[in-house]
Every structure is written in C-alpha cells, then in structure tokens.
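Q: I have a model open in front of me and would like to learn how to read its features one at a time. Where should we begin?

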Amino acid sequence: MNKIQEQKQAIETNTNKAEILLLVSTSKGGFIYYSNPDRLVWEINGPHLLGSIIHHMVLDPRNNKTILMAAKTKANGVTIFRTTNFGKTWKPAENPPHNDKVKFAHIFRIVPGHKSEPGVWYAGTSPQGLFRSSDDGKTWDSVDGFNENKEILKLIKSQSEELLKYQKLHSILINPEDKNHMIIGMAHGGVFESKDYGESWINLNYNLSDSDNQNPYCLLSHPLNHNNLFQQNQAGIYRLKLGQKKWKHIGNALDIGDFGFSICLDPYDENKIWTFPMAGTDIWSRVCPNGQPAVYCTQNNGKSWYRQDIGFPIWNAWFSVLSRCMITDNLKNTGLYLGTTSGSVWMSNNGGNNWRQILAHLPKIYSLEIGYINH
C-alpha cells in the first residue's frame with residue numbers, strides 16, 4: 001500500500017462512521033448543525049452569540065471537542081471564543097490577538113496546529129497578522145517572525161487606506177508531516193512560506209504580478225500532498241508545486257471565466273477541483289453570472305471544466321459564495337457544501353452532479369467548516 005492509499009484509508013476510517021458537524025459562521029451569529037453519514041437530515045444547535053459578527057468557527061480535529069470562534073461582539077470587541085461543550089458555554093480569550101500599533105477589523109481565520117502539538121492554534125487577522133496560541137486558545141502571542149518581517153511589513157504598509165477593510169491573512173496551511181513548515185496566504189500580499197516555525201519567510205509569489213495576481217482570496221494545499229498548492233486570486237485559479245517556482249494558470253479554460261472567491265479540492269483526487277464563478281464585469285458585481293448559479297468542476301487539473309447546476313435555481317438567483325464558503329467533507333461519497341451571501345447552504349453528495357438546499361434563511365454566510373465526532 002503506497003502513501004496516498006494509506007492516507008485515503010485513514011480519512012475514510014476516521015469519518016465514515018462519525019457524526020458530522022457543519023459549522024456555519026454568519027454576519028449575525030454562529031450556527032452548528034449535526035447529521036449522520038447519510039446527511040439527509042440536519043439538526044440545529046444555536047444560534048450562538050446571536051447578533052454578533054462571526055467570521056470563523058472550527059472544531060479541533062485532534063480532540064473532536066474544542067471549538068474556537070472568531071467573533072466581533074459589542075461586549076468583547078474583536079476576539080476569539082472557546083467552548084468545550086459544543087456551545088453550551090462560550091468563554092472569550094483572556095489575551096486575544098492584538099497589535100499595539102493597529103486596531104484589528106476582525107480575526108478572519110483560526111487553524112488548529114500540528115497533530116503533535118495539542119493545544120496549539122494559529123489565527124490570521126485583518127489587517128494582516130499571524131498569531132499563535134499554545135494553551136488551547138486562551139491566550140495568543142504574536143508570531144514575530146511574520147509580523148515584524150521587513151518585506152511583509154513593506155507590502156502591508158504600501159497599500160492604500162481604502163483597501164484596509166479587504167486586507168486579511170486568510171489562509172494558514174500547516175504541513176501534516178512537519179510542524180515547522182507552514183504556508184500563509186493573504187489578500188493584498190500573496191503567499192509566503194516558513195520552514196522554521198514562523199521565524200523566517202520566503203516569498204512564493206514568483207511569476208505573479210504585483211496587482212491582481214498577488215491578491216489571493218483562497219489558498220489551499222491538497223490533503224494528499226501538501227506541496228501541491230492552489231489559489232483563487234483576483235485574476236483566476238492558479239496551481240503551484242513547491243520547488244517549481246512558477247504558478248500555472250489552470251482556470252483559463254473555463255468558458256464562463258474563472259473570476260470568483262472560492263475553490264475546493266477533492267480529498268481523494270489531486271486532479272479534481274470545484275469553483276463557483278462570479279460575473280467578471282467591469283463593475284465587479286459579485287453575483288453569479290446571469291443570475292444562474294452553477295459550480296464548475298475539473299477532473300484533469302484545469303485542462304477542461306464542466307458545469308454542474310442541477311438543483312440550483314435556473315434564473316434570478318443573484319447570490320455569490322465567499323472565499324471560505326465552499327468546502328468538502330471526507331466521506332467516501334464526498335459531500336460538497338456551498339454557503340451563500342443570501343443565507344442558504346446547498347449540498348451535493350455525488351461530486352456536484354446534483355444539488356439540494358439543506359439550510360435557508362440564515363444571515364449572510366462568512367464561512368463553513370466540517371467536523372466529526374466519533375462516538
């Protein structure tokens with residue numbers, strides 16, 4: 001059995017008998033939904049912190065118990081909440097991520113650390129900053145190697161004030177085989193890599209231009225190969241294999257255009273990618289083209305794409321999908337999930353060939369995450 005087969009078997013063993021959690025972060029609170037592996041019925045837990053802005057929630061896969069939530073509340077401001085009882089009680093961080101020189105607009109991303117470091121978490125902020133917790137989210141420290149890096153600081157400070165609300169560190173990728181190896185993606189700044197636990201950083205923007213291409217919205221590494229990177233940026237969909245030093249534009253064969261915020265990857269197939277395109281007009285309308293929502297899929301790393309729209313409204317549906325609102329689960333018949341700006345969640349359990357709406361009438365959705373509980 002080769003390495004990829006072993007990883008696939010481990011994924012299936014850990015998830016196919018588990019209860020599934022769908023964590024939905026919205027502009028007015030957090031919602032947690034539960035289902036069994038059939039994924040036919042979803043039971044609700046929440047809302048949590050109703051009325052507060054929730055950018056991200058994630059269940060710790062190392063203990064399947066701790067949930068961290070990136071929130072902006074009236075009482076606590078921009079902070080991170082923690083629960084170990086699935087939302088019965090939430091406690092704000094004793095010392096949340098902060099910067100004495102700048103006020104954060106929000107905390108955009110929370111990521112569990114390496115499996116060898118239980119209790120370690122990372123957080124990405126807006127404007128761009130990287131923070132680490134070593135006590136399960138109670139207190140947070142600056143990753144100074146990133147936050148004080150002269151090249152990165154120059155990138156951040158060179159951006160105009162009108163872009164401040166868009167500046168964010170949105171992606172933190174930890175190599176599952178090496179806790180010291182991490183890659184980050186940030187809007188207005190691009191992609192950087194560290195091989196020494198965040199002490200020093202290498203610019204991975206390579207052939208990408210300083211404007212559109214260095215403004216990624218979403219950066220992913222493949223679960224089967226951490227060296228295989230994908231990003232959706234302002235100019236399209238790109239792929240990089242670490243060591244090649246060149247990003248390849250793989251979305252240019254998409255006939256409708258590869259403008260958009262989100263992409264997701266098949267956990268069992270390195271060649272299969274999904275995207276939800278948006279209308280690429282001069283005014284950047286941020287809605288699906290012609291009011292006809294559809295997912296597009298490639299099974300050959302972008303050489304060709306095909307449309308998947310069965311189940312979606314056929315016209316007059318003017319929603320879009322933000323950068324962290326398109327995800328997959330790890331079940332054998334991979335589930336795909338879309339969270340929309342109009343507050344609905346759509347699901348497919350057959351690789352995107354058919355879609356059904358599983359949730360509706362929520363506030364604007366900022367992110368989706370999947371978790372598993374083994375009983």
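**Reading contacts, cores and strands**

A: In this predicted model, we can begin with V24, which touches G29, G30, F31, Y33, M57, L359, L362, I365, S367 and L368, once residues up to four places away in sequence are left out.

Q: Which residues have the most contacts inside the largest nonpolar core?

A: The general idea is that, in soluble globular proteins, nonpolar side chains tend to be buried together. Here the largest nonpolar core has 40 residues, and those with the most contacts inside it are L22, V24, Y337 and L338. Strand β28, residues 365-373, gives the most to this core, with 5 residues. A second, separate core has 17 residues, among them L130, I184, Y197 and W201.

Q: How should I read a sheet, and which strands are at its edges?

A: One follows the order of the strands and then their pairing: in this case 4 strands form an open antiparallel sheet in the order β8-β9-β10-β11. The edge strands are β8 (106-112) and β11 (141-142), each of which pairs on one side only. Between β8 and β9 (residues 121-126) the antiparallel pairing runs over 6 bridges, and P112 stands opposite W121 in β9.

Q: Is S320, a loop residue between β23 and β24, buried or exposed?

A: S320 counts as buried because its relative accessible area is 3%, which is under the 20% cut-off. Leaving aside neighbours within four places in sequence, S320 is in contact with F276, M278, R286, V287, G339, T340 and T341. In addition, a polar atom of the S320 side chain lies 3.1 Å from the backbone oxygen of R286.

Note on methods: Residues are numbered from 1 along each chain as its sequence is written. This is a predicted model: local features need pLDDT of at least 70, side-chain atom pairs count only at pLDDT 80 or more; totals for chains, interfaces and linings use all residues. Side-chain values use heavy atoms; hydrogens and water are left out. A nonpolar core is a set of buried Ala, Val, Leu, Ile, Met, Phe, Trp, Tyr and Cys residues joined through side-chain atoms within 4.5 Å. Buried means under 20% relative accessible area, exposed over 50%, partly exposed in between (1.4 Å probe, protein chains only). Helices (H or I, at least four residues) and strands (E, at least two) are DSSP runs, numbered from the N terminus. Contact means heavy atoms within 4.5 Å. Two strands pair if DSSP finds at least two bridges between them. A polar contact is a pair of N or O atoms within 3.5 Å; within protein, one must be able to donate a hydrogen and the other to accept it, and residues adjacent in sequence count only if both atoms are side-chain atoms.
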